[in-house]
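Trainee: I would like to go through this model with you. Could we start with how the helices pack?

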Amino acid sequence: MECKNEHFLHILRFYFRKGKKAAEAHKEICEVYGVDCITDRTCQNWFKKFRSGDFSLKDDQRSGRPTEVDDDQMKAIIEEDRHITVREIAERLNVSHTTIENHLKCLGLVKKLDIWVPHILKEIHLTPRINICDMHLKCNEADPFLKRIITGDEKWVMYSNIIRKRSWSKRDEPAQSTSKAELHQ
């Protein structure tokens, strides 16, 4: 976006030096690049700046929130919490959310839905499960309770209204996998 605007500014400066008027420059640029590429008012403002003797193509400093964002700081915030929203990042860095959206787009980051997996079995959880199974087998030797258990279909019906979250990742990377929360505590 910024490179495109800079390209139009070079063209405007060229037309100004050629002796054209802002309206003529606007008309010719729109014929080549399309109607919505630049507004007539923008052309007039830049021609006014050129007439005052300022030929720099940099915009003047404006009041309001700064538009410059440290990309490393933004990446660190996202690495800390991949589910953070654009507005939360904007609040932390004290910039507008559109600025954050533009920087994220330049970094190639998009929000993708996490892939759910039933649960993540860690070594800490594996040992107690083995111990419980051993305990049940020993209890069954003393009192064969397993013969009294009636089993049916092995489906569990459980209502859980958990919403999947989106996390930041590169366009070409697969989405992150997340275990379903509170199903297997």
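Mentor: Let us begin with one pair: the crossing of H2 and H3 is right-handed. Please keep in mind that this is a predicted model.

Trainee: Which residues make that contact between H2 and H3?

Mentor: On the H2 side they are Ala22, Ala23, Ala25 and His26, and on the H3 side Asp40, Cys43, Gln44 and Phe47. Sorted by class, the contact of H2 with H3 has five nonpolar, two polar and one charged residues.

Trainee: At what angle do H2 and H3 pack, and how far apart are their axes?

Mentor: Helix H2 covers residues 22-33 and helix H3 covers residues 40-51; the angle is about 135 degrees, and the axes are 9 Å apart. H2 and H3 are therefore oblique to each other.

Trainee: Why is the pair described with two values?

Mentor: Two packed helices are described by the angle between their axes together with the distance between those axes.

Trainee: Back to His26. Is His26 buried or exposed?

Mentor: His26, which lies in helix H2, is buried, with a relative accessible area of 18%. The cut-off matters for this residue, because buried means under 20% relative accessible area.

Trainee: What does His26 touch?

Mentor: Leaving aside residues up to four places away in sequence, His26 touches Ile38, Thr39, Asp40 and Cys43. Asp40 and Cys43 are also among the H3 residues that make the contact with H2.

Trainee: Let me change topic to the overall layout. How many helices and strands does the chain have?

Mentor: The secondary structure comes to seven helices and four strands. Along the sequence, the pattern reads α-α-α-α-α-α-β-β-α-β-β.

Trainee: How much of the chain is buried?

Mentor: Of the chain's 185 residues, 22% count as buried. As for contacts between residues at least 6 apart in sequence, 67% of them join residues at least 24 apart.

Trainee: Now the annotation. What does UniProt list for residues 76-105?

Mentor: The UniProt entry, which is unreviewed, lists "domain: Helix-turn-helix type" for that span. In the model, residues 76-105 are 73% helix and 0% strand, and the end C-alpha atoms of the span lie 16 Å apart.

Trainee: At what angle do H4 and H5 pack?

Mentor: H4 and H5 pack at about 130 degrees, with their axes 11 Å apart. The pair is therefore oblique, and the crossing of H4 and H5 is right-handed. H4 contributes Gln73, Met74, Ile77, Ile78 and Glu80 to the contact, while H5 contributes Ile89, Arg92 and Leu93. By class, that contact has five nonpolar, one polar and two charged residues.

Trainee: And where do H4 and H6 stand, parallel or perpendicular?

Mentor: The axes of helix H4 (residues 71-80) and helix H6 (residues 97-107) cross at roughly 90 degrees and come within 11 Å. That makes H4 roughly perpendicular to H6. The contact is made by Asp71, Met74, Lys75 and Ile78 of H4 with Ile100, His103, Leu104 and Leu107 of H6. In this contact, five residues are nonpolar, one is polar and two are charged. Met74 and Ile78 of H4 also take part in the contact with H5.

Trainee: What is found in the loop between H5 and H6?

Mentor: Asn94 is found there, after helix H5 (86-93), and Val95 has its place in that loop as well. Asn94 is partly exposed, with a relative accessible area of 47%, whereas Val95 is buried, at 1%.

Trainee: What about the phi of Asn94?

Mentor: Asn94 has a positive phi of about 60 degrees, although it is not a glycine. Most residues other than glycine have a negative phi.

Trainee: Which residues does the model place across from Asn94 and Val95, and at what C-alpha separations?

Mentor: For Asn94 we can take Val69, which is 25 residues apart along the chain, with the C-alpha atoms separated by 9.3 Å. For Val95 we can take Glu68, 27 residues apart in sequence and 8.2 Å apart in space, C-alpha to C-alpha.

Definitions and conventions: Residues are numbered from 1 along each chain as its sequence is written. This is a predicted model: local features need pLDDT of at least 70, side-chain atom pairs count only at pLDDT 80 or more; totals for chains, interfaces and linings use all residues. Side-chain values use heavy atoms; hydrogens and water are left out. Axes are lines fitted to C-alpha atoms, for helices over the stretch in contact, and angles run from 0 to 180 degrees between N-to-C directions. Helices (H or I, at least four residues) and strands (E, at least two) are DSSP runs, numbered from the N terminus. Angles under 35 degrees count as roughly parallel, over 145 as roughly antiparallel, 65 to 115 as roughly perpendicular and the rest as oblique. A crossing is left-handed if the near helix is turned anticlockwise from the far one by less than a right angle, and right-handed if clockwise. Contact means heavy atoms within 4.5 Å. Ala, Val, Leu, Ile, Met, Phe, Trp, Tyr, Cys and Pro count as nonpolar, Asp, Glu, Lys and Arg as charged, and the others, Gly among them, as polar. UniProt positions are given in the numbering used here, feature names are shortened, and annotations may be inferred rather than shown by experiment. Buried means under 20% relative accessible area, exposed over 50%, partly exposed in between (1.4 Å probe, protein chains only).
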